[in-house]
Amino acid sequence: ARRLRAARPFLMLVRIVLWSLADSKTTIEELRRHLRDEAVDEFAEVEGLRFKAWISDDPGERWGAFYLFESREAADQELPTGARELIGKDPEVVEEFDLEASVEGRFAEPELSRLGLAFE
């Protein structure tokens, strides 16, 4: 009888980055324009990037992103740097985590791409 080999666990990496815009050279509105005009299309071509969500806190003047990579190698590759250039500094927070579990719940909108304030 043939023995089934245990599947290698699918290791994924989560990265969270956050900037304070209080002393930056840009605004949330300019960053939204950058998303619409460039960044979303650039990140759609990144090999091994399973998901990226850009986040903002207008009253708190904060900007950031949540990434989900399918491997350490994907996370370590060179990524587009438009937001960093517009903001004029490195993010104050860069944290990485192993993904413990994921799930998609029930939803009304089947497509996640190009949703959010930048596309309103």
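**Exercise 1. How many bridges join strand 1 to strand 4, and which way do the two strands run?**

Before we start: this is a predicted model.

Step 1. Find strand 4, which covers residues 93–98. Strand 1 spans 13–20.

Step 2. Count the links: six bridges join strand 1 to strand 4, and the pair runs antiparallel.

Step 3. Check one pairing by eye. V14 stands opposite F97 in strand 4.

Step 4. Now turn to strand 3. Strand 1 is joined to strand 3 by eight bridges, and these strands run antiparallel. Here L13 stands opposite F69 in strand 3.

**Exercise 2. Work out what the largest nonpolar core is built from.**

Step 1. Start with a rule of thumb: in soluble globular proteins, nonpolar side chains tend to be buried together.

Step 2. Look for the well-connected members. The largest nonpolar core has 22 residues, and W19, L21, W63, Y67, F69 and I87 touch the most other members.

Step 3. Ask where the core residues come from. At least two each are supplied by strand 1, helix 1, strand 3, helix 2 (72–76) and helix 3. Helix 1 is the top contributor to this core, giving six residues.

**Exercise 3. Describe the two largest pockets, one after the other.**

Step 1. Recall how such spaces are found: rolling a probe the size of a water molecule over the atoms shows where empty space is left.

Step 2. Take the largest pocket, with its volume of about 1100 Å³. Its lining has 34 residues, and R50, F51, K52, A53 and L112 lie nearest the centre. Helix 1 (28–43), strand 2 (49–57) and strand 3 (62–69) are the elements giving two or more residues to that lining. Strand 2 has the largest share, with eight residues. Sorted by class, the lining of the largest pocket holds 24 nonpolar, four polar and six charged residues.

Step 3. Move on to the second largest pocket, which holds about 280 Å³ of space. The lining here is made of 19 residues, and F43, Y67, P80, T81 and R84 lie nearest the centre. Two or more residues each come from strand 1, helix 1, strand 2, strand 3 and helix 3 (82–87). This time helix 1 gives the most, with four residues. The classes are 12 nonpolar, three polar and four charged.

**Exercise 4. Is S24 buried or exposed?**

Step 1. Place S24: you'll find it in the loop between strand 1 and helix 1.

Step 2. Compare its value with the cut-off. Buried means under 20% relative accessible area, and S24 has 18%, so S24 is buried.

Step 3. Look at what its side chain meets. A polar atom of the S24 side chain lies 3.2 Å from the backbone oxygen of T26.

**Exercise 5. Which residue, D37 or E61, is exposed, and which is partly exposed?**

Step 1. Locate D37 in helix 1. Exposed means over 50%; D37 has a relative accessible area of 53%, so D37 is exposed.

Step 2. While you're there, look across to L117. D37 and L117 are 80 residues apart along the chain, and their C-alpha atoms are separated by 14 Å.

Step 3. Now find E61 in the loop between strand 2 and strand 3. E61 has a relative accessible area of 40%, so E61 counts as partly exposed.

Step 4. Check the backbone too. Most residues other than glycine have a negative phi. E61 is not a glycine, yet its phi is positive, at about 50°.

How values were computed:
Residues are numbered from 1 along each chain as its sequence is written. This is a predicted model: local features need pLDDT of at least 70, side-chain atom pairs count only at pLDDT 80 or more; totals for chains, interfaces and linings use all residues. Side-chain values use heavy atoms; hydrogens and water are left out. On a 1 Å grid over the protein atoms alone, a cavity is a set of points where a 1.4 Å probe fits but cannot get out, and a pocket is an open set with protein on both sides within 12 Å along at least five of seven lines; lining residues have an atom within 4 Å of a point. Grid points are joined across faces, edges and corners, and a volume is the space filled by probe spheres set on the points. Ala, Val, Leu, Ile, Met, Phe, Trp, Tyr, Cys and Pro count as nonpolar, Asp, Glu, Lys and Arg as charged, and the others, Gly among them, as polar. Buried means under 20% relative accessible area, exposed over 50%, partly exposed in between (1.4 Å probe, protein chains only). A polar contact is a pair of N or O atoms within 3.5 Å; within protein, one must be able to donate a hydrogen and the other to accept it, and residues adjacent in sequence count only if both atoms are side-chain atoms. A nonpolar core is a set of buried Ala, Val, Leu, Ile, Met, Phe, Trp, Tyr and Cys residues joined through side-chain atoms within 4.5 Å. Two strands pair if DSSP finds at least two bridges between them.
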